[in-house]
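This report goes through one protein chain by topic, from single residues to cores and a pocket. Please keep the sequence and the coordinates at hand while reading.

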Amino acid sequence: MAEMELWFTEQQTPDLGFTCKITKTIYTAKTQYQDLAILETKQFGRMLVLDGAVQTTIADEFCYHELISHVPLFTHPNPKKVAVIGGGDGGVIREILKHDEVEKAYLIEIDREVIEASKKYLPEISCALDDERAEVIITDGIKFVSENKNMFDVIIVDSTDPVGPAVGLFQDSFYKAVFECLKEDGLFVAQTESPFYDQDLIKNVFHAVKSIFPITRLYLGFIPTYPSGLWSFTLGSKKYDPLEVDVSRIKRIDTKYYNPELHKALFALPTFVQEII
Ligand code: AG3
């Protein structure tokens, strides 16, 4: 008898699915906040799924983690204290710690079980969480940024989609609190979904950030396992403009997607994306 095939589908829109063949269900749990699964896929290797949405895979995690980390960190001239809101898999922390001038990177994650599952099953991604420059704080990111003022050079919001536990991370009041939580020359980046499917969200976030931060920019990258593959990031900054960076001074670090030539090019937007914001 032919061996049974198992397939996982993320329903990316009400009318579209993204399907991968899986060789094994490594782990599943219902946490206090969400449904969690670690799957072994044939195409992308291990995959972290939260509430049915693909968060990261071994094969393409570098695209997302490098883009959300190195653009802000190479825009700030001297990032010493950095915070990640969400990002329990640890991929952003790993990228942040490639920057020698970073003294401390805080992971502010609401769901302890995401960290634990990632440490156990995704060591390639979570490996830096035990670094002495990394500190994990299990708490609500909204509460954390509203309780800490003038503290960080860079804040990176590595959230899930704007449903369930992450809804509040896409609201005006959160961006105001992020502004207050940054030092006087601080900047932040948030992942802001697909320019194909989430145009209203991108527009709303861009205008909310623009009403708070003197410099607001949108940039794009390619992430094969996310809806449409094309992904957006919104950057808000008090002082430093990513488009003013002297890219000849960007240090070469070990990356597979980000490089100094791309730094400004990422901000060149297709016409249909220019029209969103
Ligand atoms: N956070 C963004 C995931 C969004 C994916 N959306 C989807 N598949 N519908 C990723 C966390 C990686 N550290």
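Leaving aside its neighbours within four places in sequence, with which residues is Val247 in contact?

## Val247 and its loop

The model discussed here is predicted. Beyond four places in sequence, Val247 has contacts with Pro260, His263 and Lys264. Val247 belongs to the loop that runs between β12 and α8 (260-265). Its relative accessible area of 29% makes Val247 partly exposed. Ile212 is 35 residues away from Val247 along the chain, and the two C-alpha atoms are 27 Å apart.

## Nonpolar cores

The largest nonpolar core contains 38 residues, and Ile93, Ile96, Tyr219 and Phe233 have the most contacts inside it. At least two core residues come from each of α1 (61-75), β6 (81-86), α2 (91-96), β7 (104-109), β9 (152-158), β10 (182-191) and β12 (230-237). Helix α1 gives the largest share, with eight residues. In soluble globular proteins, nonpolar side chains tend to be buried together.

Tyr219 can be followed through its contacts. Apart from neighbours within four places in sequence, Tyr219 touches Leu67, Ile68, Val71 and Pro72, and also Val189, Trp231, Ser232, Phe233, Leu235, Leu266, Phe267 and Leu269. Separate from this core is a second one of 27 residues, which includes Ile155, Phe174, Cys181 and Val205.

## Two buried helix positions

Helix α3 (residues 112-121) has the buried residues Val114, Ile115, Ala117, Ser118 and Tyr121. An α-helix has 3.6 residues a turn, so residues three or four places apart point the same way. The elements that the buried residues of α3 pack against are β2 (16-30), β3 (35-41), β4, β7, α4 (123-126) and β8 (134-138).

Val209 is part of helix α7 (residues 199-210). With a relative accessibility of 0%, Val209 is buried. Outside the four nearest places in sequence, Val209 is in contact with Tyr175, Phe188, Thr216, Thr234, Leu235 and Gly236. The C-alpha atom of Val209 is 15 Å from that of Val154, a residue 55 places away along the chain.

## Cysteines

How many disulfides does a search of the whole structure find? The search finds zero. A disulfide is a covalent bond between the sulfur atoms of two cysteines.

Why does Cys20 form no such bond? The closest cysteine sulfur to that of Cys20 is in Cys63, and at 15 Å it is too far for a bond, the cut-off for a disulfide being within 2.5 Å. Cys63 likewise takes part in no disulfide, with the sulfur of Cys20 as its nearest cysteine sulfur. Cys20 is buried at 4% relative accessibility, and Cys63 is buried at 4% as well.

## The largest pocket

The largest pocket holds about 420 Å³ of space. Its lining is made of 34 residues, and those closest to the centre are Gly86, Gly87, Asp158, Ser159 and Thr160. By type, the lining residues are 16 nonpolar, eleven polar and seven charged. The elements β4 (45-50), β5 (53-57), α1, β6, β7 and α5 (141-147) each provide at least two residues of the lining. The largest share, three residues, is that of β5.

Ser159, one of the residues closest to the pocket centre, sits in the loop between β9 and α6 (172-181). Is Ser159 buried or exposed? Ser159 has a relative accessible area of 8% and is buried, since buried means under 20%. Beyond its neighbours within four places in sequence, Ser159 is in contact with Tyr64, Ile85, Ala166, Leu169, Phe170 and Gln191. Leu169 is ten residues from Ser159 along the chain, with a C-alpha separation of 7.3 Å.

## Positive phi values

Asp51 is not a glycine, yet its phi is positive, near 45 degrees. Asp51 is placed in the loop between β4 and β5, and at 44% relative accessibility Asp51 is partly exposed.

Asn150, again a residue other than glycine, has a positive phi near 55 degrees. The loop between α5 and β9 contains Asn150, which is partly exposed at 47% relative accessibility.

Key: Residues numbered from 1 in each chain as written. Predicted model: local features only at pLDDT ≥ 70, side-chain atom pairs only at ≥ 80, totals over all residues. Heavy atoms only, no water. Core = buried A, V, L, I, M, F, W, Y, C linked by side-chain atoms within 4.5 Å. Buried < 20%, exposed > 50% of the residue type's maximum accessible area, 1.4 Å probe, protein only. Helix = DSSP H or I, 4+ residues; strand = E, 2+ residues; numbered from the N terminus. Contact = heavy atoms within 4.5 Å. 1 Å grid on protein atoms, 1.4 Å probe; cavity = no way out; pocket = protein on both sides within 12 Å on 5 of 7 lines; lining within 4 Å. Points joined across faces, edges and corners; volume = space filled by probe spheres on them. Nonpolar A, V, L, I, M, F, W, Y, C, P; charged D, E, K, R; others polar.
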